[in-house]
Amino acid sequence: VLPVMGSRGCPNSCTFCCRVMGYKIRYRNTKSLLKEIEAMVQKYDLDEVYFEDDNFTANKERAHAILDSLIERNLGIYIKFANGVRADGVDFDLLKKMKKAGCYSISFGIESGSPRVLKMMRKNLSLERSRENVRTAKSMGFLVGANCIIGYPGETIEDIQESLDFFMSLDLDSMAVVNLVPFPGTEVRRICEEKGYLTP
């Protein structure tokens, strides 16, 4: 398994994201990306490529073009998206193409099952659409994972329970529950500093 990146950055404004790659998406030349994947397959006899883009589906047309090229080349490798795919940012056609290109595993960054907390996070995510896409991906044979953040400033025990209930109601193969990390430079870090939440 080796990683590849076809783009850097994400235009979304989630308050917890450390945004190492910035808000502006810089797209790599598609031919260059595919040439790298082919070279890795030839040189290292790869079984799998792991996409590390922050937001692979931000540009659907480009995502389709990359997947079409992978299908056309038929490299005989597996593809995994452990991040970079919004749960409400895919549809049946895109999932079908991902499957045809060799993708077997997708992890959706849902982050919270509480609409109130999602609003505070500025995640702007549709939970209903996310549920539908998890269901669709599972019906197509994907291994489906999701990420959940707990401990957001202002989140209550009731919010956490609502969030966990939502995630447990999904037919997931894996789920990562992580505590909020207020990375320097993030909006949530500013909130934590203002409220005196940070300890030495």
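Reading salt bridges and a helix face

Reply: In this predicted model, E38 and R73 form a salt bridge, with their closest N and O atoms 3.0 Å apart.

Me: What does the E38 and R73 pair tie together?

Reply: Side chains of opposite charge can pair when their charged atoms come close. Here E38 belongs to helix α1 (residues 30-44) and R73 to helix α2 (residues 60-73), so the bridge ties together parts that are 35 residues apart in sequence. E38 is partly exposed at 24% relative accessible area, and R73 is also partly exposed, at 30%.

Me: How many salt bridges does a search of the whole structure find?

Reply: The search finds ten. One of them joins the side chains of R116 and D159, at 2.5 Å from N to O. That pair links distant parts of the chain, since R116 sits in helix α4 (residues 115-121) and D159 in helix α6 (residues 157-168), 43 residues apart.

Me: Is D159 buried or exposed?

Reply: D159 is buried, with a relative accessible area of 6%. Its partner R116 is partly exposed, at 40%.

Me: Where do E194 and R190 lie, and how many residues apart are they?

Reply: Both are in helix α7 (residues 187-195), four residues apart, which means about one helical turn separates them. Their side chains meet in a salt bridge of 2.4 Å, N to O. E194 is exposed, with a relative accessible area of 59%, while R190 counts as partly exposed at 35%.

Me: Which residues are linked with R190 in a network of salt bridges?

Reply: The network links E187, R190 and E194.

Me: Turning to a helix, what span should α5 have?

Reply: Helix α5 (residues 127-139) has 13 residues, and at 1.5 Å a residue the expected span is 18 Å. The C-alpha atoms at its ends are 18 Å apart, in agreement with that figure.

Me: Which residues of α5 are buried?

Reply: The buried ones are L127, S130, N133, V134 and A137. Viewed down the axis of α5, these buried residues fall within an arc of 120°, so they line one face of the helix. On the other side, R135 and S139 are exposed.

Me: What do the buried residues of α5 pack against?

Reply: They pack against helices α3 (92-101), α4 and α6, and against strands β6 (103-111) and β7 (143-150).

Me: What phi does G141 take, just after α5?

Reply: G141 has a positive phi there, of about 95°.

Terms used
Residues are numbered from 1 along each chain as its sequence is written. This is a predicted model: local features need pLDDT of at least 70, side-chain atom pairs count only at pLDDT 80 or more; totals for chains, interfaces and linings use all residues. Side-chain values use heavy atoms; hydrogens and water are left out. A salt bridge is a side-chain nitrogen of Lys or Arg within 4 Å of a carboxyl oxygen of Asp or Glu. Helices (H or I, at least four residues) and strands (E, at least two) are DSSP runs, numbered from the N terminus. Buried means under 20% relative accessible area, exposed over 50%, partly exposed in between (1.4 Å probe, protein chains only). The expected span of a helix is 1.5 Å times one less than its number of residues. The arc is that of the directions from the helix axis to the C-beta atoms. Contact means heavy atoms within 4.5 Å.
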